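The following exercises concern a single protein chain. Please work through each task with the structure in view before reading the solution.

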Amino acid sequence: MAEAEEKEPVSMEESTDESEEDESEEEPKLKYERLTNGVSEILQKDVASCMTVHEKFLALGTHYGKVYLLDVQGNITQKFDVLLLYDKNWMNRWKPSVLHEGEGNIRNVKWRGHLIAWANNMGVKILDMISKQRITNVPRDNISLRPDMYPCSLCWKDNLTLIIGWGNSVKICSVKERHASEMRDLPSRYVEIVFQFETEFYISGLAPLCDQLVILSYVKEISEKTETECCARPRLDIIQPLPESFEEISSDALTVRGFQENECRDYHLEYSEGESLFYIISPRDVVVAKERDQDDHIDWLLEKKKYEEALMAAEISQKTIKKHKILDIGLAYINHLMEKRDYDLAARKCQKILGKNTDLWEFEVYKFKEIGQLKAISPYLPRRDPILKPLIYEMVLHEFLESDYEGFATLIKEWPGDLYNNAIIVQAVVDHLKKDPQNRTLLRTLAELYTYDQRYGKALEIYLTLRHKDVFQLIHKHNLFSSIRDKIVLLMDFDSEKAVDMLLDNEAKISIDKVVEELENRPELQHVYLHKLFKRDHHKGQRYHEKQISLYAEYDRPNLLPFLRDSTHCPLEKALEICQQRNFVEETVYLLSRMGNSRSALKMIMEELHDVDKAIEFAKEQDDGELWEDLILYSIDKPPFITGLLNNIGTHVDPILLIHRIKEGMEIPNLRDSLVKILQDYNLQILLREGCKKILVADSLSLLKKMHRTQMKGVLVDEENICESCLSPILPSDASKSISVMVFHCRHMFHKDCLPVPNTAFPVQFCNICSAKHRGPGSAILEMKK
């Protein structure tokens with residue numbers, strides 16, 4: 001077919017209600033073009049009566065009996081006046097044959113493969129050319145309709161499927177092979193009607209479209225002006241056949257020339273199988289309908305402003321579309337969104353549509369600038385591959401700086417520092433700070449800009465002024481320890497925990513001595529640092545342990561006693577002096593006991609703390625008889641202390657010593673309970689002793705039995721054993737010689753002659769080896785003689 005612009009388009013209306021909105025309209029399935037060129041020339045003087053279609057040419061018949069051969073663009077290639085068909089017989093002679101007669105004029109003939117179908121006034125016949133037999137007769141349904149005014153329409157869907165349209169009835173017939181057992185005198189084939197239904201309009205033509213049908217319908221309607229019946233525009237419908245009905249897929253009303261005077265018989269439908277082209281023939285017009293391709297689909301979507309779907313369709317079929325370009329559709333989509341003032345979505349779509357095209361990006365950014373919407377596109381600007389001109393990013397930053405400090409700060413944090421000229425933006429921020437010097441957002445952003453520019457000292461000053469959490473990250477990331485040597489106090493004031501951790505983790509870069517020196521005028525911070533140092537390592541800060549005594553005493557007394565206990569470098573005299581000055585009793589007691597002055601420590605517990613339990617606990621720890629004597633002497637005139645002693649010293653000191661010293665007539669609280677407890681403790685001790693005695697006796701008996709069993713066992717003596725004295729084999733090589741062997745329970749063996757003669761005072765013989773090593777005595781258990 002010629003390109004669409006070379007053909008005159010045909011107006012058509014869909015069968016949808018005109019009151020429906022555009023969004024509800026369904027996309028048409030076909031598009032239409034009017035055949036012009038030679039066809040227009042023919043139909044100005046003549047009237048089309050029929051046409052047949054070949055994949056390479058068209059044949060148009062007119063009322064004046066002319067036959068024109070046309071190319072597919074409608075140009076005349078040949079013209080004939082009597083159309084002749086010659087068929088050779090076996091003798092190369094042309095012989096006509098009558099297929100059927102006697103039932104009126106033949107209105108339509110269609111030939112496919114070995115089957116010929118024709119329609120006359122009575123119905124439709126099918127002839128099998130192989131068997132020369134007529135295999136069916138499909139009668140006309142509505143005999144009230146004149147066959148010359150409402151002719152039958154025929155078309156073959158394939159070699160075995162015939163579609164019949166007559167009046168308002170449609171039949172789809174399938175030619176099938178008859179089973180051999182059923183043949184008899186019947187034809188070898190028969191026809192089965194698989195689909196049959198009626199339409200609302202009269203059928204002027206039929207054509208297959210995959211598993212669907214294309215129907216050309218003749219329509220009559222009532223004129224609104226004259227209120228009489230008149231001819232309406234013909235309709236081209238696509239339907240889906242069902243066994244007894246159909247489903248309408250689409251319906252188009254066609255504006256053809258002279259449709260007001262046309263009858264049902266004046267319209268014909270022909271089609272070209274290979275290209276799915278449908279030719280609508282009317283007396284004054286020939287219209288071509290063809291399936292809409294993806295370009296047509298995209299056209300329709302764009303017309304309905306469905307840009308998202310159009311863009312998706314173009315991406316899916318980008319290799320097959322010829323008319324449209326994805327980029328053009330995308331740009332149209334962006335423009336449409338901007339017209340709708342959906343600026344955020346338009347900006348978001350720029351990422352996908354503009355891709356890596358820097359020129360288009362910059363063009364679109366300026367469009368957003370013109371309408372004051374740079375903020376909308378800022379989150380979607382490319383930051384890597386591609387990178388736009390620095391001016392673009394600076395333009396956006398200036399827009400935010402003028403109206404939105406927080407948004408400006410967010411962009412500075414998110415955008416890499418090399419996208420724009422840092423010096424220009426720094427100067428712009430400095431100018432704004434002149435108007436608002438204390439603006440924390442601008443100060444924080446300026447510190448980030450200084451960081452990008454590697455001006456870390458300036459950035460650090462701002463962070464410390466702001467007490468910003470990123471100060472420690474900045475120091476670590478850029479190794480700024482040399483820059484903070486004189487800012488340790490500021491860091492500690494900001495966050496002492498983080499500062500101390502950082503200083504201790506980087507001791508090699510900032511020494512302990514330097515930190516202590518810097519904190520000399522801030523002893524409370526000095527204590528925090530030295531305390532954490534001591535917790536990490538008891539020895540690293542040993543030179544400052546004396547100083548730490550005062551620091552703990554002043555700022556952290558709860559940790560003073562643990563420090564005194566754990567430190568091995570703390571001067572005890574200095575610590576004792578400080579604790580006594582401040583009247584720290586617990587710490588003084590500990591130091592006195594550690595320095596060996598336990599009696600003074602105990603005295604202090606009793607006189608200062610008045611805590612008998614603590615005094616008793618202290619005496620128990622020292623386990624010194626003199627301390628117990630001091631404690632008893634101090635407590636003898638203090639009834640509460642006597643009660644405490646009676647309740648607690650029973651297992652360390654004989655309670656009688658205390659009871660004998662109690663003055664006659666002294667009232668002691670809970671004396672009876674204390675005495676009962678002493679007796680209970682005594683009984684408990686007696687029970688424990690008896691229990692231990694029983695266990696000891698039982699164990700002794702068990703071990704004695706075990707020893708007896710062991711000693712009663714035999715001992716193997718063979719050629720491998722040697723005499724422990726002479727080191728020769730214990731058994732002689734000559735078995736006939738007499739032997740005398742002594743074997744001890746320790747398993748040492750001797751020739752009896754090798755042992756010394758036992759002392760007459762102690763006739764018991766002992767193993768020389770075990771006796772020499774001070775092991776238990778090994779009396780002989782076996783004496784062997786032979």
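**Exercise 1. A helical histidine and its contacts**

Task: In this predicted model, determine which residues His531 is in contact with, leaving aside its neighbours within four places in sequence.

Solution. Step one is to list the partners: with those neighbours set aside, His531 is in contact with Gln548, Tyr552, Asp556 and Asn559. Step two is to place the residue, and His531 lies in helix α17, which covers residues 523-536. Step three is to classify its exposure: His531 has a relative accessible area of 18%, and because buried means under 20%, the residue counts as buried.

**Exercise 2. The four-stranded sheet**

Task: State the strand order of the open sheet of four strands, and identify its edge strands.

Solution. The order is β12-β13-β14-β15, and the pairing is antiparallel. The edge strands are β12 (153-158) and β15 (189-198), each of which pairs on one side only. From one strand to the next, the twist averages 25°.

The pairings can now be taken in turn.

- β12 and β13 (residues 161-166) run antiparallel and are joined by five bridges; Ser153 stands opposite Gly165 in β13.
- β13 and β14 are also antiparallel, with six bridges between them; Thr161 has Ser174 in β14 as its bridge partner.
- β14 and β15 run antiparallel and are joined by nine bridges; Glu177 stands opposite Arg189 in β15.

Two details complete the solution. The hairpin of β13 and β14 has two residues between the strands, and there Gly167 takes a positive phi near 65°. β14 is mostly covered, with seven of its nine residues buried.

**Exercise 3. The largest cavity**

Task: Which elements give two or more residues to the lining of the largest cavity, and how do the lining residues divide by character?

Solution. Begin with the volume: the largest cavity holds about 100 Å³ of space. Its lining includes Val138, Pro139, Ile164, Trp166, Gly167, Ser169 and Lys171. The elements that contribute two or more residues to this lining are β11 (133-139), β13 and β14 (169-177). By character, the lining residues divide into six nonpolar, three polar and three charged.

**Exercise 4. A leucine in strand β17**

Task: Is Leu213 buried or exposed, and how far apart in space are Leu213 and Ile239, C-alpha to C-alpha?

Solution. Leu213 belongs to strand β17, residues 212-218. Its relative accessibility is 2%, so Leu213 counts as buried. Leu213 and Ile239 are 5.3 Å apart in space, C-alpha to C-alpha, while 26 residues apart in sequence. Apart from neighbours within four places in sequence, the contacts of Leu213 include Ile163, Val170, Ile172, Phe197, Ile238 and Ile239.

**Exercise 5. Backbone geometry in two loops**

Task: Where are Asp385 and Asn583 found, and what is the phi of Asp385 and of Asn583?

Solution. Take Asp385 to begin with: this residue is found in the loop between α7 and α8. Its phi is near 45°, a positive value in a residue other than glycine. The peptide bond from Asp385 to Pro386 is cis, with omega near 5°. Asp385 has a relative accessible area of 55% and is therefore exposed.

Asn583 is found in the loop between α20 (572-581) and α21 (585-594). Phi of Asn583 is near 60°, again a positive value in a residue other than glycine. At 49% relative accessibility, Asn583 is partly exposed.

Methods: Residues are numbered from 1 along each chain as its sequence is written. This is a predicted model: local features need pLDDT of at least 70, side-chain atom pairs count only at pLDDT 80 or more; totals for chains, interfaces and linings use all residues. Side-chain values use heavy atoms; hydrogens and water are left out. Buried means under 20% relative accessible area, exposed over 50%, partly exposed in between (1.4 Å probe, protein chains only). Contact means heavy atoms within 4.5 Å. Two strands pair if DSSP finds at least two bridges between them. Axes are lines fitted to C-alpha atoms, for helices over the stretch in contact, and angles run from 0 to 180 degrees between N-to-C directions. On a 1 Å grid over the protein atoms alone, a cavity is a set of points where a 1.4 Å probe fits but cannot get out, and a pocket is an open set with protein on both sides within 12 Å along at least five of seven lines; lining residues have an atom within 4 Å of a point. Grid points are joined across faces, edges and corners, and a volume is the space filled by probe spheres set on the points. Ala, Val, Leu, Ile, Met, Phe, Trp, Tyr, Cys and Pro count as nonpolar, Asp, Glu, Lys and Arg as charged, and the others, Gly among them, as polar.
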